[in-house]
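Colleague: I'm new to reading models like this one. Can we go through the terms together?

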Amino acid sequence: MAATNTETAEYNEQKLENKVAVVTGGNSGIGRAIAERFHAQGASVAIFGRNQETLDETLDALGGEDESLAVQGDVTDAEDLDKLYAAVEERFGRVDILVANAGVGKIRPFDEVDEDFFDQVTDIDFKGAFFTVQTALPLLSDSSSVMFTTTGATERGLPGLSVYAAAKAALRSLTRSLAAELGPQGIRVNAISPGPVETSLVERMGIPTEQATEELGNIVEQQPIDRFAQPEEIAATAVFLASEDASYVTGSEIDVDGGMAQV
Ligand SMILES: NC(=O)c1ccc[n+]([C@@H]2O[C@H](COP(=O)([O-])OP(=O)(O)OC[C@H]3O[C@@H](n4cnc5c(N)ncnc54)[C@H](OP(=O)(O)O)[C@@H]3O)[C@@H](O)[C@H]2O)c1
């Protein structure tokens, strides 16, 4: 049945008009897809990451400096986070949507994990995300949406992921704590839990890419939707959580994982 004019108008409505969004890891993979979707939905977007080249490329895709902001830095560095929010405050004045997405998915067998590896992964994936949100607090508006990127690997035991999965499980727990603590200020806090997504995370796992692809491929084969996700499929859920459509959703983790955690 053809859509009525009203339905079409509603469908085309820009869901994030007049919103200010910050996306860490917005220069690659899932974060980049989220930043692009937010921009397409009318938000002013600031991205944050370490690699200046991909920050510049993504900024171009977000309409350049006139429309968006790219800040170079590391989520494990408190001064860099201060620099990010100082730039966002100067440019946009506040934050309505915060996606603490920057992360690394490093694989290592349990008996080979040393303290350096443990610290590297937990510093980025848990501590970095924690302080990404805490440092943003003074700028978060009174009806804002915060989200973390967790992983389906917290819901299944997978070899080699003891540190990564535990760091992300900590984020899932943090989602609940912050939903409770920040709820009275009008801040909703949720998490998106992707299954295997086609991004550069696979090349950065710290094991040969072929091995990573094979291991993830074995997981994918068991899913009801037996393929890798595209980053845009994760971004669609981020738009939902960022928008008024999710005005009654907080403390939740939404699985966008092809059914990986359910079967
Ligand atoms: N791909 C998957 O299958 C999958 C599944 C479940 C969950 N996830 C999660 O999704 C998130 C995004 O990953 P992705 O798949 O899109 O991988 P990706 O393409 O490798 O992107 C990772 C992003 O995080 C940024 N980042 C990493 N460490 C950082 C640091 N210390 N400081 C600032 N930025 C940092 C990277 O920036 P630079 O490039 O500048 O370093 C990059 O923009 C991660 O949290 C990951 O754990 C991914």
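Modeller: Sure, helices first: a helix is a DSSP run of H or I with at least four residues, a strand is a run of E with at least two, and both are numbered from the N terminus. This is a predicted model, where local features need pLDDT of at least 70, side-chain atom pairs count only at pLDDT 80 or more, and totals for chains, interfaces and linings use all residues. Residues are numbered from 1 along each chain as its sequence is written, and side-chain values use heavy atoms, leaving out hydrogens and water.

Colleague: What comes just after helix 4?

Modeller: Gly93, with a positive phi of about 85 degrees.

Colleague: How do you know what span to expect for helix 4?

Modeller: You take 1.5 Å times one less than the number of residues. Helix 4 (residues 78-92) has 15 residues, so 21 Å is expected, and its first and last C-alpha are 21 Å apart, close to that.

Colleague: Which residues of helix 4 are called buried?

Modeller: Asp80, Leu81, Leu84, Tyr85, Val88 and Phe92. Buried means under 20% relative accessible area, exposed over 50%, and partly exposed in between (1.4 Å probe, protein chains only).

Colleague: What puts those buried residues on the same side of helix 4?

Modeller: They cover an arc of only 130 degrees around the axis, so they share a side; the arc uses directions from the helix axis to the C-beta atoms. Ala78, Glu79 and Glu90, on the other side, are exposed.

Colleague: What does Val88 touch?

Modeller: Contact means heavy atoms within 4.5 Å. Leaving aside residues up to four places away in sequence, Val88 touches several residues, among them Val20, Val22 and Leu139.
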